[in-house]
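Reader: I should be grateful for a close look at a single part of this structure. Please define each term as it arises.

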Amino acid sequence: MFALIDGNNFYASCERVFRPSLNGRPLVVLSNNDGCAIARSEEAKALGVRMGAPLFKIAHLLDEAGLVAVSANFELYGDMSERLMSLAAGLGHRQEVYSIDECFVDLTGVRGDLTLRAQRLRARIAQWIGIPTCIGMGSTKTLAKLANHIAKNAERKPGSYPVEHAQVCHLGAVGVDAREALLGQTAIAEVWGVGPRLAAQLQAEGLHTALDLARANPVVVQRRWSVVLAKTALELSGTACLGLEDVTPDKQQLACTRSFGQPVHALPELIEAVNEFASRAAEKLRRQGSVAAQLMVFIRTSPFRRQDRQHSAHRSLALPVPTHDSTVLCEAASALVRHLYQPGHAYAKAGVMLMDLRPVGLEQGRLALEPALLPPSKPALMQAMDAINQRHGRGSLHVASTGATHPRAWGMKQARKTPAYTTRWAGLLVASA
DNA sequence: TCTGGGGTCCTAGGACCC
DNA sequence: TCTGGGGTCCTAGGACCC
């Protein structure tokens with residue numbers, strides 16, 4: 001048996017914990033650059049704000065409907081997530097943190113009334129952390145996901161599901177008929193692993209609900225679609241195909257990409273930006289304990305600005321010696337962006353991707369048969385830099401080629417940023433009588 | 001004027017090997 | 001006129017997830 005616990009409208013709920021005046025009001029959290037809505041309170045959903053809606057298209061609601069929009073504050077959400085996860089882990093013996101706002105818990109060996117335990121966990125999370133959650137349980141991960149969907153919608157959309165399943169839904173505790181009825185009420189597109197493309201194809205073949213897929217022959221499903229969808233069908237019918245992954249595997253590739261706050265025309269600024277991205281990616285790489293054997297840089301103009309001349313290009317470089325050294329990766333990124341850059345374009349976005357990752361220590365050396373194109377790695381310097389930044393905050397010590405003047409011309413737009421309430425002294429709330 | 005970021009897995013096809 | 005069989009690796013593209 002598995003449980004799936006997730007925070008409702010997670011980013012919006014995190015903001016509300018520290019600004020209770022936002023309760024009951026339509027609220028959206030914006031993506032980087034204050035571009036589009038990536039989280040919405042129930043009230044914002046009721047106003048018709050779509051997931052991913054660009055701010056400029058919903059800006060009229062700020063005045064007309066009292067909509068509040070805030071810039072994304074990932075430092076806050078990450079910290080709130082850690083607190084939520086540590087409580088949620090208590091529901092069973094093993095936990096898989098699946099994303100910033102949801103986790104699976106293996107309920108094997110957990111005794112007693114699971115529904116009751118789940119309800120108590122919800123209450124504890126609400127009291128200790130202030131985040132509303134929903135919990136779904138089922139004999140497979142896909143069924144736990146589906147139960148979570150039911151738990152969320154039984155309350156939000158009256159009539160969609162029986163209201164006794166609101167907030168906590170345990171598909172293992174209902175009879176076969178009731179379970180089939182619930183699956184029959186769930187549209188195929190809501191199933192975990194079925195995206196828009198597959199949903200359209202499945203519907204065209206007469207499969208409209210989760211129950212239809214659960215009853216489909218997995219051999220036929222695999223032949224017509226894929227082994228992935230066949231597993232989904234099996235999982236829906238109660239045969240577990242997916243296990244709990246409680247050890248997070250190292251990433252196979254790692255990226256840092258950003259849209260610019262303003263279009264970038266000049267090469268020096270572009271170099272600065274990709275150097276910054278390369279350093280950030282290198283930091284992530286060192287945290288994971290890996291080195292990269294390949295680096296890719298891309299730059300592109302905005303596809304939304306049809307009137308502009310478009311340019312989109314990428315280029316990668318095999319690193320002669322796999323590394324996680326910021327200075328080496330910055331040097332490589334600079335060389336690549338010089339190749340890619342074409343004057344006369346308004347660049348809107350750039351990024352650095354590190355690929356062909358492997359654990360530190362497994363790197364193969366290389367005979368020095370050719371002149372080195374890149375500087376040598378400086379492990380001691382990187383260690384010192386990470387230690388200083390750990391202690392004094394990110395960016396305290398950085399590679400000079402990432403730019404000395406702050407704020408950067410190409411930097412992110414974050415006009416509506418809320419304080420880092422839980423992770424910075426300056427963000428601490430002050431109580432007054 | 002203004003449109004996010006970061007991942008994974010699977011499959012098909014081509015290159016290449018013996 | 002006749003032209004094998006079987007395998008691996010890599011890449012690009014497509015689908016999905018949050």
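Author: A polar contact is a pair of N or O atoms within 3.5 Å; within protein, one atom must be able to donate a hydrogen and the other to accept it, and residues adjacent in sequence count only if both atoms are side-chain atoms. This is a predicted model, in which local features need pLDDT of at least 70 and side-chain atom pairs count only at pLDDT 80 or more, while totals for chains, interfaces and linings use all residues. Residues are numbered from 1 along each chain as its sequence is written, chains are lettered from A and ligands numbered from 1 in the order in which they are written, and side-chain values use heavy atoms, with hydrogens and water left out.

The part chosen here is the surface near DNA strand B, where a residue is near if one of its heavy atoms lies within 4 Å of the strand. Around DNA strand B there are 20 residues, of which Ser31, Ala255, Thr257, Ser259 and Arg305 come nearest. Of the strand's atoms that come within 4 Å of the protein, 71% belong to sugar and phosphate.

Individual contacts can now be described. A backbone N or O atom of Ala255 is 2.7 Å from a phosphate oxygen of DNA strand B, and for a backbone N or O atom of Ser259 the distance to a phosphate oxygen is 2.6 Å. Ser31 uses a side-chain N or O atom, which lies 2.9 Å from a sugar or linking oxygen of the strand.

Among the elements, which are DSSP runs numbered from the N terminus (helices: H or I, at least four residues; strands: E, at least two), α12 (227-236) and β9 (254-264) each supply at least two residues of this surface. The most come from β9, with six residues.
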